[in-house]
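Work through the three exercises below with the structure in view. Try each task before you read its solution.

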Amino acid sequence: PPSANLPLGSVAVCSLTENDYVGELLLARLRDAAALGMAESRWVDLGAMERLSIEKAQEELEGCQTAIICCGSQDDESETLEQALKGVKALLQTAPDQLT
């Protein structure tokens, strides 16, 4: 697709824990890319998003053009899934216009 050639820009890797294997691996790769001159990426605590004020949540995503949601297979308990859904909802409500 044509969008495959567009740069990702700064990426927000969103998960319930910073120790999520997939999120951790992805963030490491993105940070390697940042060392080559690509935009810096960061981890965003998906579980905390719903507890943050709109202003604080927007600060977490400031400058990000892409958000990637990572949930591991160990996150299949109903409480964990509910927390992830609430975090995604909060992320969508506060996402800056440039976020994809």
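A disulfide is a covalent bond between the sulfur atoms of two cysteines. Here, a pair of cysteine sulfur atoms within 2.5 Å counts as one. The model is predicted.

**Exercise 1. Disulfides**

Task: Find how many disulfides the whole structure holds.

Solution:
- Start with the search result: zero disulfides turn up in the whole structure.
- Check Cys14. The nearest cysteine sulfur belongs to Cys64 and is 7.8 Å away.
- Apply the cut-off. A disulfide needs the sulfur atoms within 2.5 Å, so Cys14 is in no disulfide.
- Check Cys64. Its nearest cysteine sulfur is that of Cys14, and Cys64 is in no disulfide either.
- Add the surroundings. Cys14 is buried, at 0% relative accessible area. Cys64 is buried too, with a value of 0%.

**Exercise 2. The sheet**

Task: Work out which strands stand at the edges of the sheet.

Solution:
- Read the order. Three strands make an open sheet, E2-E1-E3, with parallel pairing.
- Count partners. E2 (42-45) and E3 (64-69) each have a single partner strand, so they stand at the edges.
- Note the twist: it averages 30° from one strand to the next.
- Look at one pairing. Strand E1 (residues 10-15) is joined to E2 by four bridges.
- Place a residue in the sheet: Cys14 stands opposite Val44 in E2.

**Exercise 3. A surface patch**

Task: Decide whether Val22 is buried, partly exposed or exposed.

Solution:
- Locate Val22: it is in helix H1 (residues 21-35).
- Take its relative accessibility, 49%. Exposed means over 50% and buried under 20%, so Val22 counts as partly exposed.
- Widen the view. Val22 joins Tyr21 and Leu25 in a nonpolar surface patch, with about 320 Å² of accessible area together.

Note on methods
Residues are numbered from 1 along each chain as its sequence is written. This is a predicted model: local features need pLDDT of at least 70, side-chain atom pairs count only at pLDDT 80 or more; totals for chains, interfaces and linings use all residues. Side-chain values use heavy atoms; hydrogens and water are left out. Patches are made of residues with over 30% relative accessible area and no salt bridge: like charges are joined within 9 Å, nonpolar side chains (Val, Leu, Ile, Met, Phe, Trp, Tyr) within 5 Å. Accessible areas come from the Shrake-Rupley method with a 1.4 Å probe; for residues, only the protein chains shown count as cover. A salt bridge is a side-chain nitrogen of Lys or Arg within 4 Å of a carboxyl oxygen of Asp or Glu. Helices (H or I, at least four residues) and strands (E, at least two) are DSSP runs, numbered from the N terminus. Buried means under 20% relative accessible area, exposed over 50%, partly exposed in between (1.4 Å probe, protein chains only). Two strands pair if DSSP finds at least two bridges between them. Axes are lines fitted to C-alpha atoms, for helices over the stretch in contact, and angles run from 0 to 180 degrees between N-to-C directions.
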